[in-house]
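The following paragraphs lead through a single protein chain, from its accessibility terms to its overall fold and two selected residues. Please keep the sequence and the structure in view while reading.

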Amino acid sequence: MKKHHMKLKWVIPIGIITLFLLVGNLTVNKEQVFANDHQQIKTLSSVKEVVKTQGEQELTHAEVINLTNQFMDILVQDIDANYKVIHFDTKDELLREFETVTTKETAQEFVDFYYSEEADGMYILPTETPPWFLEENDYDMITVDASTVKVVQDNHTDLDGNYSLELEFTFDNDWKITNIIYN
């Protein structure tokens, strides 16, 4: 009886550990991208393999760099000596330009913070750009579902100190930045 009880005592913890391993293998869809050579180390699960067989587009390092650079290029507009924006007169015009790389909702917070509309045009707030994606640093790519990937990067700059940036990319005919979170 005592030997049977000892065996049973180990069955439950082993079963729980096995369950965690199985669940972990189904939900881990993470890639780490190394800054020095942009090599992607993939941790594939059966879920991600199914996604790829359905023909979904895979977010590449080049697309991450392209979209984050375009976002910042749109955010930092050409201005005159009085900080008046040269190429756009309204926030709505600028938000339409952002829709090439992001959603209006995602860009809205940035446009509202950095720009003001006046009777004679739009002006930029003379300040530093927000902490942003650093192309030369490592980052993680985490597959959320068949059309959504989160890019998470921990950074340090002299100006901003330590920060973590989480960019959500969603594929709908092309990749766009759909959420930006700072930690």
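A residue is called buried when its relative accessible area is under 20%, exposed when that area is over 50%, and partly exposed in between. The model considered here is predicted. Glutamate 118 has a relative accessible area of 46%, and therefore counts as partly exposed. This residue is found in strand β3, which covers residues 115–118. Glutamate 118 also belongs to a negative surface patch, together with Asp89, Asp92, Glu117 and Asp120.

The wider setting of that strand is a chain with 5 helices and 8 strands. Along the sequence, these elements follow the order α-β-β-α-α-α-α-β-β-β-β-β-β. Of the 183 residues, 33% count as buried. The chain exposes about 11,400 Å², of which carbon and sulfur atoms supply 55%. Among contacts between residues at least 6 apart in sequence, 47% join residues at least 24 apart.

Threonine 103 offers an example of residues that are distant in sequence and in contact in the model. This threonine is found in the loop between α4 (91–98) and α5 (104–114). Which residues does threonine 103 touch, not counting those up to four places away in sequence? The partners are Ile177 and Thr178. Isoleucine 177 lies 74 residues from threonine 103 along the chain, yet their C-alpha atoms are separated by 6.9 Å. Because its relative accessibility is 24%, threonine 103 counts as partly exposed.

Technical notes: Residues numbered from 1 in each chain as written. Predicted model: local features only at pLDDT ≥ 70, side-chain atom pairs only at ≥ 80, totals over all residues. Heavy atoms only, no water. Helix = DSSP H or I, 4+ residues; strand = E, 2+ residues; numbered from the N terminus. Buried < 20%, exposed > 50% of the residue type's maximum accessible area, 1.4 Å probe, protein only. Contact = heavy atoms within 4.5 Å. Areas by Shrake-Rupley, 256 points an atom, 1.4 Å probe, with all protein chains shown as cover. Patch = residues over 30% accessible without salt bridge, like charges linked within 9 Å, V, L, I, M, F, W, Y side chains within 5 Å. Salt bridge = Lys/Arg side-chain N within 4 Å of Asp/Glu carboxyl O. Lys, Arg positive; Asp, Glu negative; His and termini not counted. Charge placed at Lys NZ, Arg CZ, Asp CG, Glu CD.
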